[in-house]
Amino acid sequence: MPELFAYTDGACSGNPGPGGWGVLLRAMDGDTVLKERELNGGEAETTNNRMELLAAISALETLERPSKLTIVTDSAYVKNGVTGWIFGWKRNGWKTSNKKPVKNVDLWQRLDEAQTRHEVTWEWVKGHAGHPENEKADELARAGMAPFKPKKAQA
């Protein structure tokens, strides 16, 4: 049975500012790539954390049937949130430990829902450290952001 990986990344020009997200979905048999799919998108006014979350959400929502997959992210915010903090937030009615509303609650709830259909393993990798699949996800995120970046004036 092939292994499924989703390499995700988000990018933002200014924080907030125009942003993009990217996903490299890859089905593997050992070291052999069986199938690959690229996804990306963006928004005109957003934050890096929202784009990181949307990348993971998009990877999960794209899968048409329940799957076992590994999501590889360079966002400690996403990994720590989904594997740890989210349990307390849900118990506390989507409030942090100091009773403040959870930031990006709409996306955290969407991510929580999206992963219920799947068996997900979360992995963190250091960003911009030469990890080829993470670099590709970054490239896809920047391409997703491109339509929303202001055009520079011609001299």
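Does Gly10 count as buried or exposed, and what is the relative accessibility on which this rests? The relative accessibility of Gly10 is 7%, and the residue therefore counts as buried; here buried means under 20% relative accessible area, exposed means over 50%, and partly exposed lies in between, with a 1.4 Å probe and protein chains only. The model is predicted, so that local features need pLDDT of at least 70 and side-chain atom pairs count only at pLDDT 80 or more, whereas totals for chains, interfaces and linings use all residues. Residues are numbered from 1 along each chain as its sequence is written, and side-chain values use heavy atoms, with hydrogens and water left out.

Gly10 belongs to strand 1, which covers residues 3–12. Strands (E, at least two residues) and helices (H or I, at least four) are DSSP runs numbered from the N terminus. When neighbours within four places in sequence are set aside, the contacts of Gly10 are Gly20, Trp21, Asn48, Met51, Glu52 and Ala141, a contact being heavy atoms within 4.5 Å. Between Gly10 and Thr73, the C-alpha to C-alpha separation is 9.3 Å, although their positions lie 63 residues apart in sequence.

Charged side chains were examined next. Side chains of opposite charge can pair when their charged atoms come close. Across the whole structure, 9 salt bridges are found, each defined as a side-chain nitrogen of Lys or Arg within 4 Å of a carboxyl oxygen of Asp or Glu. One of them joins Glu133 to Arg26, with an N to O distance of 2.8 Å. This pair links distant parts of the chain, as Glu133 is in helix 4 (residues 132–145) and Arg26 is in strand 2 (residues 17–29), 107 residues apart. Both Glu133 and Arg26 are buried.

A salt bridge also forms between Asp106 and Arg50, whose closest N and O atoms are 2.8 Å apart. Because Asp106 lies in helix 3 (residues 105–115) and Arg50 in helix 1 (residues 48–62), the pair ties together parts that are 56 residues apart in sequence. Asp106 counts as partly exposed, at 39% relative accessibility.

Within helix 4, Glu139 and Lys136 are 3 residues apart and are therefore separated by about one helical turn. Their side chains meet in a salt bridge of 3.0 Å, N to O. Glu139 is partly exposed at 47% relative accessibility, and Lys136 is likewise partly exposed, with a relative accessible area of 24%. Elsewhere, Arg26, Glu36 and Glu133 are joined into one network by salt bridges that share partners.
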